[in-house]
Each structure stands twice: as structure tokens, then as C-alpha cells.
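Below is a briefing on one model. It covers salt bridges, a sheet, helices and one buried site.

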Amino acid sequence: MTPRILTVTLNPAIDVTYRVDVLRVGETVRVPDVRSRAGGKGVNVAAVVRALGGESLALALTTTGAPDEFRAGLNRLGLAHRLVPALPAVRRTVAVVTRADGTTMLQENGFPAGEPAEAGIVDALRAELAAGAGAVVISGSVPAGLAADVPAKLARLCVRHEVPVIADVSGAALRFAAGSGAVLMPNETELAELTGPARAAADACHDLVAEGASAVVATFGTDGAIAVTPRGAWRARPAEVVTGNPAGAGDAAAAALARHLGDAGGTSEVDWPVALADVVATSAAAVLRPVAGEIDVAARGRWIRVVKAERMR
């Protein structure tokens, strides 16, 4: 059986998706199709891991109040979870999807985490690592009330337990995580913000590996992704251009990579061309689904057989 994947979500959400014919700013728009589910990037990763046939556990902060809509949402999804009550409420995100204009995201920053948040999530992760994990994915933003270095602290805890860890974070949190020993998964914008827009993407990824990242997998939307490791660098592109809702594509990519890390037991044992092809195929398959945290399993199955990773110089 594939080893269990743990995911960490410090800033959970209730994800609402509106599908409309046309989005007219400043006018009343009727919404014929509404989807609502427990979300946040780590929750999406856990859901995709399960869709791929793996076992996952979502670690997350949640509200100290009642009712706990986020906890109830995880129960409805049937996702195994361990929650730390430390937020006054759980934020909402809204994705407005139209066929002509694509996806417009409205994201609340979230509510400040209370004092027990850091100790609570560290203790929860330490306990789950002791219980056994193949890999860990730390995803998403850091709420007010928590320091930006908390994801890096969690990543180092995983490294001390010899469990491979992915840090899919941004901004200051990504800067702290860069030297933690984690696999970094920035998108094109996040990579440019971290290393400077003038730096070529592959060179920037090599710099991050030299500075302490165990590997870097940078994603570029329809242009695919690159993987840079101490053993080499590869690029893979989608089998075809797809349109839809890209909100969960990065989370699907992290789920795919986490399974390869868990199976291999570490970054040095991963078959990176195979893993990168899976990352690209699974990411594209997520775009076809209306909400984040889902993938088109049949499309992934077709694409994973034809997507090829090529070694970069």
C-alpha cells in the first residue's frame, strides 16, 4: 500500500464555486450552479491523494466556535483529519467560473490565529509523524497571528523524522522554507518574487537547491513544469492545452509528487522524469473539474502515458 500522506493547512477555507454564463461587474448576476466544500490547499491535496488511490490525513487549524462548518465539511468529504481549534472563524474563498472569461478568485485573508495555534499544529504533526507517514505537504498561506517561519519549522520537523516534505507556500513563508530541506513547489510568479524576475527559472531553481532545498518543482500553467534536483533537471509539458478551473491545479500537482516521494522514501530515490510527468498530467486533469480538490481520473490516465519529461542542460 502507498504510504500515508499528511497535509498541513494553516489557513483553511470554505471554498465556494459559482459557475455563471457571464460575469458582469457592477450588475446582478444569477448563479445557476453553486458548489461549497471544506477547502484550503492542504485539504485539496489530501482529497486528490485519495482520488489517486492513496491514504491521506489532513492536519489543519479550525475554528474555536460552534458550529464548526469546516470540520463538518471534512466529514462530508470523508477525509481523515486532525484539527487544532485556534481560529475565531474559518474564511471563505469564492471562485467565479465562466466559459468565456475563465476563473475569477475572491479570497479572504482569513482570521488571526490564537496563541495555541503554533504549538498545537507542531504537536499534531509530531504525533502523526510518529504514527507513520510517507510524505508531508505543507500548503497555502499563513494566517495572521502565526509567524511566516512556521511552515519552515514544520518542514524541519519532518526532515528530522526523515520524512520527505513539500513546502507549497509563497511570499515570506517561501523565503523561510527555502533552506529547510523541503521540496519547494513555487509557481512562476512565486519563483520570480523569491529569486528576482531577471533570473532564468532553471537557474533560480538551481540556486535554491544549492541553498538547501532538497529539490524544486516549479509550475508554469499551460507551459508545464520543471524539476531541479542535485542529480539533474527535467522539463515536462502537458499533452494538450485544457481550459476550465485552474484553482486546484497546483494542489493536484503536489498530491502527485507527494505520492512519488512517499513511495520512494526520499528525494534522492525518486524517478524524477516519471514523477514530473505525473505532476503535469495530474495538474491538467484538475483543470477539467469544476472545483478544487478533484481531478478527472480518466483524463489523467490518458495523459500520464504520453507526457514525457526531457532532461534540461
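Buried means under 20% relative accessible area, exposed means over 50%, and partly exposed lies in between, with a 1.4 Å probe and protein chains only. This is a predicted model, in which local features need pLDDT of at least 70, side-chain atom pairs count only at pLDDT 80 or more, and totals for chains, interfaces and linings use all residues. Residues are numbered from 1 along each chain as its sequence is written, and side-chain values use heavy atoms, with hydrogens and water left out.

**Salt bridges**

- A salt bridge here is a side-chain nitrogen of Lys or Arg within 4 Å of a carboxyl oxygen of Asp or Glu.
- The structure holds 14 of them.
- R35 pairs with D33 in one salt bridge, with 3.3 Å between the closest N and O atoms.
- R35 is partly exposed, at 34% relative accessibility. D33 is partly exposed too, at 22%.
- A salt bridge also joins D251 to K41, with the closest N and O atoms 2.7 Å apart.
- D251 belongs to helix α8 (residues 249–264) and K41 to helix α1 (residues 41–51), so this pair ties together parts 210 residues apart in sequence.
- Helices (H or I, at least four residues) and strands (E, at least two) are DSSP runs, numbered from the N terminus.
- D251 is buried at 2% relative accessible area, whereas K41 is partly exposed at 28% relative accessibility.
- D123 and R126 form a salt bridge at 3.2 Å, N to O.
- Both D123 and R126 sit in helix α3 (residues 117–131), three residues apart, or about one turn of the helix.
- An α-helix has 3.6 residues a turn, so residues three or four places apart point the same way.
- D123 counts as partly exposed at 45% relative accessibility, as does R126 at 38%.
- R4, R82 and E128 are linked in a salt-bridge network.

**Helix α8**

- The 16 residues of α8 span 23 Å from first C-alpha to last, close to the expected 22 Å. The expected span is 1.5 Å times one less than the number of residues.
- α8 is mostly covered, with 13 of its 16 residues buried.
- G265, just after α8, has a positive phi of about 90°.

**The sheet and helix α2**

- Four strands form an open sheet in the order β3-β2-β6-β7, with mixed pairing. Two strands pair if DSSP finds at least two bridges between them.
- Its edge strands, β3 (33–39) and β7 (102–107), each pair on one side only.
- On average, neighbouring strands in this sheet are turned by 20° against each other, direction ignored. Axes are lines fitted to C-alpha atoms, for helices over the stretch in contact, and angles run from 0 to 180 degrees between N-to-C directions.
- Seven antiparallel bridges join β2 (residues 13–19) and β3.
- R19 has D33 in β3 as its bridge partner.
- Helix α2 (residues 69–77) lies across β2, β3 and β6 (91–98), and runs at about 100° to β3. Contact means heavy atoms within 4.5 Å.

**V209**

- V209 lies in helix α7 (residues 201–210). V209 is buried, at 15% relative accessibility.
- Apart from neighbours within four places in sequence, V209 contacts A215, V216, V228, T229 and P230.
- The C-alpha atoms of V209 and S56 are separated by 27 Å, with the two positions 153 residues apart along the chain.
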